[in-house]
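Colleague: Could you take a close look at the last part of the chain, with its helices and the loops between them? A connected account would suit me better than a list.

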Amino acid sequence: MKHAYRCWHYQINSKKKLIYKKKGISEMEKEKKVREKNRPSLLEALSMIAVLLGMIILAVQADISIIPALVIAIVWSMAIAVKCGYSWDEIMKPILDRQRGVVEIFLIILAIGMFVASMIYSGTIPTIIYYLINIISPNLMVVLSFIITAVVSCIIGTSWGTAGTVGVVMLSIAQSMGVPMAIVAGAVASGSHVGQILSPMSDTSNVSASLADVDTVTMIKRMAHYAIPVIIIASVVYAILGFANTAVGGNLESAALIRQEIAAVFNVNPLVILPMVFVFFLTFKKKPILMTLTLTSLIGLIFGMIFNGFSFVNGLDALYNGFNLTGTVGIAENGFNDIFLNLVNRGGAMSMINAALLVIVATMYGTILLETKAIDVIAVSIFGKVKSRPMLVTSSIFVSGLVVAMTSSSFLATMMSKDLFIEKFEKEGMDSMDLVSSCATASTQFLTCIPWCDTAIFLAALSGVSTLDALPYNVFSWGCAAAAIGLSIFGIGFKNGKRFVDLTPVKAKVTE
């Protein structure tokens, strides 16, 4: 009897275990079925980009923010992702994960607005303009904006740091002279990114060297094949644009009036330039840009109180809402030149809020395309059978631009292009340095040309000129991609073409 009970109990348990086991298999199969994802078709992948471009064109024509255009593109891309088997949580998780990395960019953009307001409050920017406005000819303003920012970017190795400091100064001087701002904005955007390619301190040159398995100097020499000819051409173009356009807007009489009005409001003292020197020092020391901008903004408040006699409370308000002649200083704006008012009534965290929000929305859109492998589909489908050196270089640059447009990351663009094209490059007699240098040079500059990329957003907010308005004058940025494609036709700089110097990586020396 006891034995029979045990057998019966075992059979029941066995059945329960069998049922549980069957349920587990069923649930696993169901879960596996849910997790199975399909890549979008080529038509679906292209539609994700087509919808975005179409809506942005509509927004530009209507002269409204492109944020609603991005939102519509996000909704469309999400719909395709759901069709491909993604759930809402599976779409949102990578978006939220990536937003954590965007927070720093968001804060940096706001800090730039605070920094600009602080440098006006302290009198730093007005004083620099006061001293330089009689030295720099309006005819040379455009070309000097490019050359000076290019030199500084090569020294400190950071594009955002260059544009946020010396770029702001050059834009302000140009505005005080009445030089067309779109041209100067293009020159500043171009110059501030020269160092990304030619500076041994830049992250682009160092990461690119690592991807190509060569030392940094060797990679810089390789990318210089593209950069140096474009620098020469850009300098000539900017010189011509400067002389051709100053007759329309730039004049010394306006500059003299601006000097008088600066002296009437601010204490023009060489000592107030020190905050700008301090920010250059911290940037050169590779201190975090967010810390540098915030700390310098607070120093600017102290200088404004000491040298200009401004209120500390009003200074805090200026950091948030921007410097305003009436609101911050209590001086009536009647009788002041419009150029002077536009020069000083600016800055503040709120002036950059639209740009900061745009970065967040653009990141959402790019994450969806990455997660659904839409870029891979386009690259493999369209460029899978491409051959010959010019076509391969053109294709890799195009894919790099596509990845930059979706991710605002030149590093990811270079890495993805290398993974997709390295075997094809090697079959054509080229090496990884040919591929990486072409993609890195172009993708770094694409960041300033695509309106929804974080760098382009930052530059547009800084200058007050839209990315598309400045694009024709952003010669160095789009010129680098053109140079890479053009030189590939003749094989100049390429392993299976003609190299001016021996750039063959010597791994033994690098290892040692």
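Modeller: What follows goes through the helices and loops in that part, then turns to one earlier helix. The model is predicted, and what I give you is computed from its atoms.

I start with helix α20, which spans residues 389–407. Its axis and that of α21 (residues 410–427) approach to within 8 Å and cross at roughly 150°. An angle over 145 degrees counts as roughly antiparallel, so α20 and α21 are roughly antiparallel to each other. Their crossing is right-handed. On the α20 side, the contact is made by L392, V393, S395, S396, V399, S400, V403, V404 and T407. From α21 come S410, L412, A413, M416, S417, L420, F421, K424 and F425.

M406 also lies in α20. With a relative accessibility of 2%, M406 counts as buried, because the cut-off for buried is under 20%. Beyond its neighbours within four places in sequence, M406 is in contact with R98, A362, Y365, G366, T367, L369 and I375. For one of these, G366, the C-alpha atom is 4.0 Å from that of M406, although the two residues are 40 apart along the chain.

Two loops in this part hold residues with an unusual backbone sign. Most residues other than glycine have a negative phi. K373, in the loop between α18 (353–371) and α19 (374–383), has a positive phi of about 65° without being a glycine. At 37% relative accessibility, K373 is partly exposed. S388, in the loop between α19 and α20, is likewise not a glycine and has a positive phi, near 75°. Its relative accessible area is 29%, so S388 is partly exposed.

The earlier helix is α15, residues 312–321. At its N-terminal end S311 acts as a cap, with a side-chain oxygen 3.3 Å from the backbone nitrogen of V313. Just after α15, G322 takes a positive phi of about 100°. Within the helix, the buried residues are G315, A318 and L319. They cover an arc of only 100° around the axis, and therefore sit on the same side of α15. In general, an α-helix has 3.6 residues a turn, so residues three or four places apart point the same way. The buried residues of α15 pack against α4 (88–121), α14 (289–308) and α16 (325–329).

Definitions and conventions
Residues are numbered from 1 along each chain as its sequence is written. This is a predicted model: local features need pLDDT of at least 70, side-chain atom pairs count only at pLDDT 80 or more; totals for chains, interfaces and linings use all residues. Side-chain values use heavy atoms; hydrogens and water are left out. Helices (H or I, at least four residues) and strands (E, at least two) are DSSP runs, numbered from the N terminus. Buried means under 20% relative accessible area, exposed over 50%, partly exposed in between (1.4 Å probe, protein chains only). Contact means heavy atoms within 4.5 Å. The arc is that of the directions from the helix axis to the C-beta atoms. A polar contact is a pair of N or O atoms within 3.5 Å; within protein, one must be able to donate a hydrogen and the other to accept it, and residues adjacent in sequence count only if both atoms are side-chain atoms. Axes are lines fitted to C-alpha atoms, for helices over the stretch in contact, and angles run from 0 to 180 degrees between N-to-C directions. Angles under 35 degrees count as roughly parallel, over 145 as roughly antiparallel, 65 to 115 as roughly perpendicular and the rest as oblique. A crossing is left-handed if the near helix is turned anticlockwise from the far one by less than a right angle, and right-handed if clockwise.
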